Amino acid sequence: PGARLYVEPLSGLSVRAAVYEGLFGIGEIAYRSEINQMPGSIAVGTWGYSELQDHVSEVDEEGNPLKARSSGAYVTLNQKLYAPTAGSPLGLSSFVRTGMGAKETSVAAYGLQTGLSYQGLFASRPDDQIGLGSAIAGAAGLRECAFELSYRAQVVSWFAVQPDIQWIKNPGLDSTVASAVVATTRLTVSL
């Protein structure tokens with residue numbers, strides 16, 4: 001259970017807030033605009049738990065995790081970079097997202113993700129999307145890096161298949177673990 005609020009006080013400006021089960025809250029302010037008739041947005045948000053969370057590395061004398069506040073903040077930028085015609089859903093889009101969380105309760109205290117996606121790469125498949133992304137997560141001098149390639153095929157109007165492959169260096173922020181390759185497939189049914 002929870003509650004969500006969405007308010008758009010001015011054209012292009014929105015404020016969102018949510019509380020879930022009284023334990024987790026999130027708030028965001030976003031602004032949408034256009035550059036050369038191509039949509040873009042920036043959002044700034046913060047989140048937190050009302051209850052103390054387990055500390056990721058410190059314990060008491062009995063081996064139980066200490067408790068600490070858990071909160072964080074993020075910034076997201078989205079921008080369409082190319083469209084064959086103004087207002088077209090086809091073309092190249094980009095995003096950059098960064099965030100940080102309390103180092104006491106977050107395995108990754110900071111993260112940075114970037115990506116590009118292209119819709120309609122093939123004229124015969126205008127609803128398909130191909131995406132390329134990268135991510136870095138880190139804490140206490142350790143870093144995990146990932147690169148991802150994905151293709152979303154809109155098979156019919158209500159069904160899509162999305163194979164995805166990722167290469168991850170230092171999985172779990174552990175430099176002693178070998179790099180990993182992860183392959184998945186997402187099936188989406190829209191009813």
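**Figure 1. Strands β11 (142–156) and β12 (159–169) form an antiparallel pair with nine bridges between them.** Strands here are DSSP runs of E with at least two residues, numbered from the N terminus, and two of them pair if DSSP finds at least two bridges between them. This is a predicted model, in which local features need pLDDT of at least 70 and side-chain atom pairs count only at pLDDT 80 or more, while totals for chains, interfaces and linings use all residues. Residues are numbered from 1 along each chain as its sequence is written, and side-chain values use heavy atoms, without hydrogens and water. Two residues make up the hairpin connection from β11 to β12. Across this pair, Val-156 faces Phe-159 of β12. On to β13 (180–189), strand β12 is joined by 10 bridges, and these two strands also run antiparallel. Ile-168 has Ala-180 of β13 opposite it.

**Figure 2. The loop from β12 to β13 contains Leu-173, a residue other than glycine with a positive phi.** The phi value of Leu-173 is near 60°. Most residues other than glycine have a negative phi. Leu-173 is classed as buried because its relative accessibility is 10% (buried is under 20% relative accessible area, exposed over 50%, partly exposed in between, with a 1.4 Å probe and protein chains only).

**Figure 3. Gln-37, in the loop that runs from β3 (24–35) to β4, also has a positive phi.** Its phi is about 65°, and Gln-37 is not a glycine. Is Gln-37 buried or exposed? Gln-37 is exposed, since its relative accessible area is 55%.

**Figure 4. The hairpin of β5 and β6 has five residues between its strands.** Three bridges hold β5 (residues 53–59) and β6 (residues 65–68) as an antiparallel pair. In this hairpin, Gly-63 adopts a positive phi near 90°. Asp-54 has Lys-67 of β6 opposite it, and these two residues also form a salt bridge, with 2.5 Å between the closest N and O atoms. The contact connects distant parts of the chain, from Lys-67 in β6 to Asp-54 in β5, 13 residues apart. A salt bridge is a side-chain nitrogen of Lys or Arg within 4 Å of a carboxyl oxygen of Asp or Glu. Asp-54 is partly exposed, because its relative accessibility is 39%.

**Figure 5. Glu-28 and Arg-16 form a salt bridge through their side chains.** The N to O distance is 3.7 Å. Glu-28 belongs to strand β3 and Arg-16 to strand β2 (residues 13–20), so that the contact links distant parts of the chain, 12 residues apart. The two partners fall into separate accessibility classes: Glu-28 is buried at 17%, and Arg-16 is partly exposed at 42%. The whole structure contains four salt bridges.

**Figure 6. Arg-125 is joined to Asp-128 by a salt bridge.** The closest N and O atoms of Arg-125 and Asp-128 lie 2.6 Å apart. Arg-125 is partly exposed, with 31% relative accessibility, whereas Asp-128 is buried, with a relative accessible area of 4%.

**Figure 7. Ten named side chains make up a nonpolar surface patch of about 810 Å² accessible area together: Tyr-31, Ile-42, Val-44, Val-75, Leu-77, Val-96, Met-100, Tyr-110, Leu-112 and Ile-136.** Members have over 30% relative accessible area and no salt bridge; nonpolar side chains (Val, Leu, Ile, Met, Phe, Trp, Tyr) are joined within 5 Å, and like charges, for charged patches, within 9 Å. Areas are Shrake-Rupley values (1.4 Å probe, only the protein chains shown counting as cover for residues). At least two patch residues come from each of β4 (38–49), β7 (71–82), β8 (91–101) and β9 (110–119). Val-96 lies in β8 and is partly exposed, at 35% relative accessible area.

**Figure 8. The largest pocket holds about 680 Å³ of space.** This volume is the space filled by probe spheres on grid points joined across faces, edges and corners. A pocket is an open set of points on a 1 Å grid over the protein atoms alone, where a 1.4 Å probe fits, with protein on both sides within 12 Å along at least five of seven lines; lining residues have an atom within 4 Å of a point. The lining comprises 31 residues, and Phe-95, Gly-115, Leu-116, Ser-117 and Gly-131 are those nearest the centre. Strands β7, β8, β9, β10 (129–139), β11, β12 and β13 each contribute at least two lining residues. Which strand gives the largest share of the lining? That strand is β10, with seven residues.

Key: Helix = DSSP H or I, 4+ residues; strand = E, 2+ residues; numbered from the N terminus.
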